[in-house]
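The exercises below are to be worked with the sequence and the coordinates side by side. Each task is followed by a solution that proceeds in steps.

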Amino acid sequence: MFDWIANIFSKRQDMSYIFDGEYFTGDDTSQKAYLKRTALETCIDFIAKNFAQAKFQHVKNYKRLNDIVDYKLNVMPNQNENATEFWRHFLRKLIFEGEVLVIQSQTNDLLIADSFVKNESAYYPDTFSGVSIKGYLNQSTFSASDVIYCTYSNNRLETFTDSLFADYGQIFGRMIEVQMRNNQIRGTVKANLTQGTQDQKQKTLETYLEKIFNSFREKTVAVVPLTQGFEYEELGGTKSNTAQSIDQLTKLRNDTIDIIAEMMGIPPKLIYDQPADTEKLQVQFNEGTLAFFYELVSSEINAKLISSSAYQNGERITLVGKNTKDIFAISDSIDKLVASGTFNRNEIRIKLGEEPVTGLDDFVITKNYTTSIGGEKDKAVMTINEIRKDQGQEPIEGGDVIYMPSSDIPSIDVNDEGGDMSGS
């Protein structure tokens, strides 16, 4: 501040400088890029935190494998990040930068690249070079078949942020300026300096002003001494009927977050943790945006970590997170699917992400799903394959028979007296 005062005396020796206007220019408030950054960071972090809660399952023929792949994906991908930190880092980079690259070190650690160069090819796998991780430049070139590489594109989001945030930033900056002016202390100093050289006059004025400003800034009660040759007059803070409040600034920020959240498929109420209807909104988010990222990541991991032959032999890497159904909420539906013979109990377990259990491969059916033909005692039932056909399912081996509890098997009438039943 006092360098600015010094420049007044050193650059110009007369008072005509006051009409130039060079000392009244300010920063371009449209450059308030932190508004954009705050909105994006909030939404991206919300998705990343939800994704990081998921767990990977390395399975073969629906049986979970507790091997190094399971450990690296779920416990410690590398020496410096646990699984939660790693996948949060992964998602943040994927969404914010539109792509993310993971390489495998010689110690089998999974490392997220800070920067890299992608070399595209039409007939051969793409390659990645110039891979930098925490300031270390890896001199190797990696084939696309040896890395995990995901891309994410949201054209609506990119277009919006490029075209509109400059305007929002300018509005936000103007609001801050008005708020600061509302409580600004202003004053004038009248100096009658008739003695001494120009440098001496400059130093005398600087010393006096410095004492005044320091007194105002540091003391709750400030007294300005009157001295010969100097007069200080307080103009007071500006009073404006259109003064902007902090609440209005917060609302502008929240409005920006709401717009970004909707473009990224996030119900805004979830970000602010508002209690109203959050359960339904959470399901909407889980089955929409979060499910998309689950599929994007799991498909890439399967493509790169599971060979073609292993995949054909039933080996998979599945992602189990908030996409998993609440078994208690759908228990009635499960009961109907099993009771109708549409699925056996192990098929249901697999669809719920659980391992199959010995003895649950049999198909069962209850009396409610039998079909009567003819009179009261002339009953027949549909076979399991007939029921599966009606519900659009493929027939199964052994499905042409039906299982019924003994109590549900209809009895056969016989002659009470025994013997000849011909009536003769």
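**Exercise 1.** Describe the overall make-up of the protein chain, beginning with its secondary structure.

*Solution.* The model is a predicted one, and its protein chain comes to 13 helices and 14 strands. Turning next to burial, 33% of the 424 residues are buried, where buried stands for under 20% relative accessible area. The accessible surface comes to about 27500 Å², and carbon and sulfur atoms account for 50% of that area. As for contacts between residues at least 6 apart in sequence, 59% of them join residues at least 24 apart.

**Exercise 2.** Determine which strands pair with β1 and in what sense they run.

*Solution.* Start with β12, which runs antiparallel to β1 and is joined to it by six bridges; within this pairing, V59 stands opposite R316. Then take β2, residues 63–64, which pairs with β1 over two bridges, again in the antiparallel sense, and here K60 stands opposite K63. Finally, inspect the hairpin that β1 and β2 form: two residues lie between the strands, and N61 takes a positive phi near 50 degrees.

**Exercise 3.** Characterise the second largest pocket by its volume and its lining.

*Solution.* The volume is about 710 Å³, and of the 26 lining residues, T318, L319, V320, I350 and G353 are the closest to the centre of the pocket. Assigning the lining to elements, one finds that β1 (55–60), α9 (278–305), β12 (315–320) and α12 (345–351) each supply at least two residues. Sorted by class, the lining has ten nonpolar, nine polar and seven charged residues.

Terms used. Residues numbered from 1 in each chain as written. Predicted model: local features only at pLDDT ≥ 70, side-chain atom pairs only at ≥ 80, totals over all residues. Heavy atoms only, no water. Helix = DSSP H or I, 4+ residues; strand = E, 2+ residues; numbered from the N terminus. Buried < 20%, exposed > 50% of the residue type's maximum accessible area, 1.4 Å probe, protein only. Contact = heavy atoms within 4.5 Å. Areas by Shrake-Rupley, 256 points an atom, 1.4 Å probe, with all protein chains shown as cover. 1 Å grid on protein atoms, 1.4 Å probe; cavity = no way out; pocket = protein on both sides within 12 Å on 5 of 7 lines; lining within 4 Å. Points joined across faces, edges and corners; volume = space filled by probe spheres on them. Nonpolar A, V, L, I, M, F, W, Y, C, P; charged D, E, K, R; others polar. Pairing = 2+ DSSP bridges.
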